[in-house]
Amino acid sequence: MHALTITRTSPRSAATLYRAWTTGWGAWFAESDTAIMRAKVGEPFFFDVVQRFTDAREPVRHPHYGRFLRLVPDTLVSLSWVTGVGGTAGAETVLTVHLDAIAGDYTQVTLTHEGFATEDARDAHEAAWPRILAHQDHLPAHAHTTNASSARVLDGDRSLLVTDAASIDLRVVA
């Protein structure tokens with residue numbers, strides 16, 4: 001099995017980021033009207049990421065499934081992560097996010113994603129997660145839950161091999 005770890009500093013508080021990882025996926029990653037989740041250990045969740053194009057191509061849906069494994073408010077979120085072909089290929093991987101408050105409202109985020117069946121799947125996620133995490137920098141300080149006004153648009157003008165919804169780096173913050 002293969003794993004990756006990414007560490008970055010976010011200009012958002014640990015509390016804001018904790019909400020983003022538990023109930024606020026629609027504000028930074030998921031198609032907000034598809035997010036079905038409750039921040040409770042053992043609770044399954046679902047959401048879609050939809051890749052939209054600027055030309056006549058039909059949008060492409062990337063479903064994500066999982067369950068919360070461990071929750072420590074404002075400190076840690078651990079969840080299983082399952083996507084389809086090109087992502088985890090149905091393998092249940094584990095995503096753990098450590099949130100360490102630092103000066104002011106800044107937070108050091110350490111994301112560990114493990115359980116990839118192939119190096120290619122791991123490498124695709126390793127390239128994607130830094131771009132995806134950067135979307136959290138635009139979260140409102142008090143983003144509590146998903147909402148329809150937070151949906152994002154994907155720009156399809158660039159050529160991209162979609163290996164997982166997490167690898168879609170073309171989101172434009174509205």
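**Exercise 1.** In this predicted model, determine whether Glu92 is buried, partly exposed or exposed, and find its salt-bridge partner.

Solution.
- Step 1. The relative accessibility of Glu92 is 44%.
- Step 2. Buried requires under 20% and exposed over 50%, with partly exposed in between. Glu92 therefore counts as partly exposed.
- Step 3. The partner is Arg67, and the closest N and O atoms of the salt bridge are 3.3 Å apart.
- Step 4. Because Arg67 belongs to strand 3 and Glu92 to the loop between strand 4 and strand 5, the pair ties together parts 25 residues apart in sequence.
- Step 5. Arg67 has a relative accessibility of 34%, so Arg67 is partly exposed.

**Exercise 2.** Compare the burial of Arg52 with that of Glu31, and state which parts of the chain their pairing ties together.

Solution.
- Step 1. Arg52 and Glu31 form a salt bridge, with 2.4 Å between the closest N and O atoms.
- Step 2. Arg52 sits in the loop between strand 2 and strand 3, and Glu31 in the loop between helix 1 and strand 2, so parts 21 residues apart in sequence are tied together.
- Step 3. Arg52 has a relative accessible area of 26% and is partly exposed.
- Step 4. Glu31, at 11% relative accessibility, is buried.

**Exercise 3.** Find the salt-bridge partner of Glu43, and give the number of salt bridges counted.

Solution.
- Step 1. Glu43 meets Arg38 in a salt bridge, at 2.8 Å from N to O.
- Step 2. Arg38 is partly exposed, its relative accessible area being 46%.
- Step 3. The count of salt bridges comes to seven.

**Exercise 4.** Describe the order of the elements along the protein and the makeup of its largest nonpolar core.

Solution.
- Step 1. The protein contains two helices and eight strands.
- Step 2. Starting at the N terminus, the order is β-α-β-β-β-β-β-α-β-β.
- Step 3. The largest nonpolar core consists of 33 residues, and Trp21, Trp25, Phe47 and Trp129 have the most contacts inside it.
- Step 4. Elements that each supply at least two residues of this core include strand 1 (2–10), strand 3 (60–72) and helix 2 (119–134).
- Step 5. Helix 1 gives the largest share of this core, five residues.

**Exercise 5.** State what percentage of the residues is buried, and how contacts spread along the sequence.

Solution.
- Step 1. Of the 174 residues in the protein, 49% are buried.
- Step 2. Taking contacts between residues at least 6 apart in sequence, 56% join residues at least 24 apart.
- Step 3. The accessible surface is about 8,100 Å², and carbon and sulfur atoms account for 54% of it.

Methods. Residues numbered from 1 in each chain as written. Predicted model: local features only at pLDDT ≥ 70, side-chain atom pairs only at ≥ 80, totals over all residues. Heavy atoms only, no water. Core = buried A, V, L, I, M, F, W, Y, C linked by side-chain atoms within 4.5 Å. Buried < 20%, exposed > 50% of the residue type's maximum accessible area, 1.4 Å probe, protein only. Helix = DSSP H or I, 4+ residues; strand = E, 2+ residues; numbered from the N terminus. Contact = heavy atoms within 4.5 Å. Areas by Shrake-Rupley, 256 points an atom, 1.4 Å probe, with all protein chains shown as cover. Salt bridge = Lys/Arg side-chain N within 4 Å of Asp/Glu carboxyl O.
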